[in-house]
Amino acid sequence: MSEFEPDPYSEKAEEYLQEIIAGIPARTRAHNRRQKIKKFFSWTIFSVGLTLFTGAIAYSFTYLPPRVSILGVEVGGLLPPQAYEKVLPQVQEQTNLPVLINGKAGSVEFDADTLGIEFSLPKTIQAASKNPFTHLFSLIAPVSIDPAIEIDEEKFKAALAPMVRELTVPPQNARLITDDGDIEIYPHATGQEINWTRSFENVKKSWLKKESSVSLALIPTDPAITDEKIALTAKQVEKILSTPVQIVVADKSVSLSRKELANALLLTNQQDETKITVNENYLWKYLNKVFPNFDQPTSNAYFDVIDDLPVMVSGNIEMRITPSKFASEFEKALFDSKDRTVNLSSYAVLPELANQGVEDLGIVEKISEYRQLFPEAEYRTINVTTAANYLEGKILLPGEIFSMNDTIKQRTAENGYVLGLRIENGRFVEDLGGGVSIITSATWVAAFYAGLEAIEQRAHSIWIPRYSEGLEATVMWGSLDLKFKNTLDSAILIKTKVEPDAVVVTFYGKKKYDRVTAEVSDRFGVTPYRTVYSSAKNCIPQEGTPGFGVNVTRKLIKNSTVVQEDIYRTNYRVGNEVICGPNPNKKKPEEDVVIDVDLIKAID
């Protein structure tokens with residue numbers, strides 16, 4: 001086939017295509033034309049809108065929208081600086097308006113600055129000029145721009161604190177009490193509190209309107225424990241009281257009646273529930289009441305310490321059980337629906353009990369403790385142990401003044417003391433009782449941290465490194481004593497423990513302060529020691545210590561507040577270094593040197 005000859009296949013394809021086109025209905029072709037027209041107009045409208053919107057944005061970066069006003073002042077079409085100059089003079093009076101807050105007794109005026117409220121004209125103008133939608137809406141109708149008002153929330157709340165206290169009412173939980181076995185329910189009460197978010201918005205809307213007051217937004221608050229919850233608790237209590245609880249000690253037993261069980265219950269609201277526990281104090285009193293003379297002869301009272309808690313056993317039965325442990329055992333039986341028996345036979349032992357109950361003296365917890373180290377020496381251990389035995393178990397009643405000399409007795413052989421070293425008139429001497437200052441210092445530091453009042457207390461004349469600077473004490477029979485007063489509301493029990501290289505003194509009673517701190521100042525008035533040489537036969541070599549003053553500040557803290565502050569000032573003398581032998585720096589032999597008064601290392 002030549003290139004000019006017609007292609008039969010092409011001709012056939014064209015004929016076939018014409019047949020297909022001819023077969024398409026005219027309606028379909030018209031529909032396609034309409035769709036194309038709609039698309040064209042849609043894109044045209046979108047393009048015009050986009051152009052207008054873009055133009056509005058571009059315009060908004062330069063001029064304020066037309067037909068807009070700020071606090072009644074027309075600023076449409078102005079540049080932001082022009083609007084600022086026009087609005088500012090006219091709104092001065094409005095921005096100086098007081099803020100009227102409705103309180104319980106009526107409206108109260110507040111200065112805007114006092115409440116931390118401020119009108120920002122620049123931000124108001126900026127909000128109008130930078131919003132393209134404002135430009136578009138202002139073409140349709142006048143637009144009033146909301147003033148930009150800022151509130152310092154913390155300052156606002158602080159200024160309204162008295163009013164808030166008047167307006168807010170805390171919700172009251174439903175309560176349940178058991179009075180002599182009768183169950184009584186006190187219904188809950190709904191409270192109200194401030195909705196600060198809504199209150200801030202209300203103030204912003206009303207402030208710049210003359211003679212317009214605003215109320216703080218109040219919302220109801222429900223209690224955590226409602227009547228429905230307390231009703232369920234009442235059912236539990238009724239079940240507990242319906243069956244007696246029996247206490248067994250050896251071959252004796254007693255059953256608690258419904259009334260006694262009710263008094264033994266402790267109902268406390270905790271978060272969103274009423275917790276049912278036992279009244280430890282009531283149960284301990286009841287136990288001492290029902291077993292006053294159990295199987296043992298009368299004997300003197302004494303205190304014991306169990307799990308670091310003081311326990312005074314009274315009557316003729318010593319119950320080797322703490323109040324908390326007894327309460328725990330009782331509570332187990334109380335909530336056991338099958339076996340409601342408290343068997344204390346394993347806790348019954350033979351020692352003596354006093355007529356005075358546990359709570360009478362108020363000795364219920366550890367108040368303070370101090371551990372004083374000392375270099376091991378036979379005479380120190382003996383004398384410290386002897387003094388500790390005299391101090392052990394000492395009870396100091398409220399208001400009573402403690403005397404160390406009276407308690408540990410005169411240091412004589414008859415009283416159990418042996419010879420040791422101490423200082424007398426600036427010289428080391430051998431005497432009975434050397435070393436008792438160790439337990440004296442431990443006792444004073446324990447009294448210091450218990451918050452007791454010092455009546456007579458003196459530190460060593462020179463500083464001995466084993467003692468805390470300014471926080472130590474010494475005694476001398478007939479001339480120097482350690483005395484302090486029990487200023488607590490409870491009695492104090494003193495317990496001692498002697499270790500090979502330390503003595504521990506512990507005070508028990510009832511704490512008066514949450515915390516007691518000691519702050520030791522830097523040394524002041526420091527005087528360096530000298531080095532002296534001695535060829536005396538009784539020369540004892542000693543390390544030197546400087547003389548200095550130091551202040552110890554004690555702070556007594558209750559409920560995170562320092563309720564009392566005491567300053568204890570101590571001045572230590574110089575303790576010269578003593579070297580036994582001739583002075584190597586001198587050619588001529590020097591005379592014997594008397595040992596200085598402040599030799600330190602081997603003293604008491």
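This is a short tour of selections to make in your viewer, with a note on what each one shows. Keep in mind as you go that the model is predicted.

**Stop 1: a pair of crossing helices**

Start by selecting residues 280-290, which make up helix α11, and residues 323-334, which make up helix α12. The two helices pack at an angle of about 95°, and their axes are 9 Å apart. Angles of 65 to 115 degrees count as roughly perpendicular, and α11 and α12 therefore sit roughly perpendicular to each other. Now show the side chains where they meet. From α11, pick Glu280, Leu283, Trp284 and Leu287; their counterparts in α12 are Pro323, Ser324, Phe326, Ala327 and Phe330.

**Stop 2: Phe326**

Stay with α12 and centre the view on Phe326, which belongs to this helix. Is Phe326 buried or exposed? With a relative accessibility of 1%, Phe326 counts as buried. To see what surrounds Phe326, leave out residues up to four places away in sequence; the contacts are then Ile247, Leu283, Trp284, Leu287, Ile321, Val342 and Leu344. Three of these names, Leu283, Trp284 and Leu287, are on the α11 side of the helix pair you have just viewed. For a distance to display, choose the C-alpha atoms of Phe326 and Leu344: they are separated by 8.3 Å, and the two residues are 18 apart along the chain.

**Stop 3: a hairpin and its neighbour**

Next, select residues 492-499 for strand β29 and residues 502-509 for strand β30. A hairpin of 2 residues joins β29 to β30. The two strands pair in the antiparallel sense, over 7 bridges. To find one of these positions, look at Ile494, whose bridge partner in β30 is Phe507.

Now add residues 394-396, strand β23, which is antiparallel to β29 and joined to it by 3 bridges. Here Ile395 stands opposite Leu493 of β29. Colour β29 by accessibility if your viewer allows it: 6 of its 8 residues are buried, so the strand is largely enclosed by the rest of the structure.

**Stop 4: an open three-stranded sheet**

Move to the N-terminal side of the numbering and select residues 68-70 for β1, together with 73-74 for β2 and 143-145 for β6. These 3 strands form an open sheet in the order β2-β1-β6, with mixed pairing. Which strands are at the edges? They are β2 and β6, each of which pairs on one side only. β1 and β6 run in the parallel sense and share 3 bridges. Within that pairing, Ile70 has Ile145 of β6 as its bridge partner.

**Stop 5: salt bridges**

Switch to charged side chains. The structure holds 13 salt bridges, and three of them make good stops.

Begin with Asp113 and Lys155, whose closest N and O atoms are 3.9 Å apart. This pair links distant parts of the chain, 42 residues apart: Asp113 is in the loop between β4 (106-110) and β5 (117-120), and Lys155 is in helix α6 (residues 153-159). Asp113 is exposed, at 52% relative accessible area, while Lys155 is partly exposed, at 35%.

Go on to Arg258 and Glu238, which meet in a salt bridge of 2.9 Å from N to O. Arg258 is in helix α10 (residues 258-264) and Glu238 in helix α9 (residues 227-241), so this pair ties together parts 20 residues apart in sequence. Arg258 is partly exposed at 31%, and Glu238 also counts as partly exposed at 34%.

Finish the set with Lys366 and Asp308, which are 2.7 Å apart, N to O, in their salt bridge. Lys366 is part of strand β22 (residues 365-373) and Asp308 lies in the loop between β17 (302-306) and β18 (309-313), so the contact ties together parts that are 58 residues apart in sequence. Add Glu369 to the selection too: salt bridges with shared partners join Asp308, Lys366 and Glu369 into one network.

**Stop 6: helix α16**

For the last view, select residues 436-450, helix α16. The helix has 15 residues and reaches 21 Å from its first C-alpha to its last, close to the 21 Å expected. Show its surface next: α16 is mostly covered, with 14 of its 15 residues buried. Then step on to Gly451, which follows α16 and has a positive phi, near 85°.

Methods: Residues numbered from 1 in each chain as written. Predicted model: local features only at pLDDT ≥ 70, side-chain atom pairs only at ≥ 80, totals over all residues. Heavy atoms only, no water. Helix = DSSP H or I, 4+ residues; strand = E, 2+ residues; numbered from the N terminus. Expected span 1.5 Å × (residues − 1). Buried < 20%, exposed > 50% of the residue type's maximum accessible area, 1.4 Å probe, protein only. Salt bridge = Lys/Arg side-chain N within 4 Å of Asp/Glu carboxyl O. Contact = heavy atoms within 4.5 Å. Pairing = 2+ DSSP bridges. Axes fitted to C-alpha atoms, helices over the stretch in contact; angles between N-to-C directions. Parallel < 35°, antiparallel > 145°, perpendicular 65-115°, else oblique.
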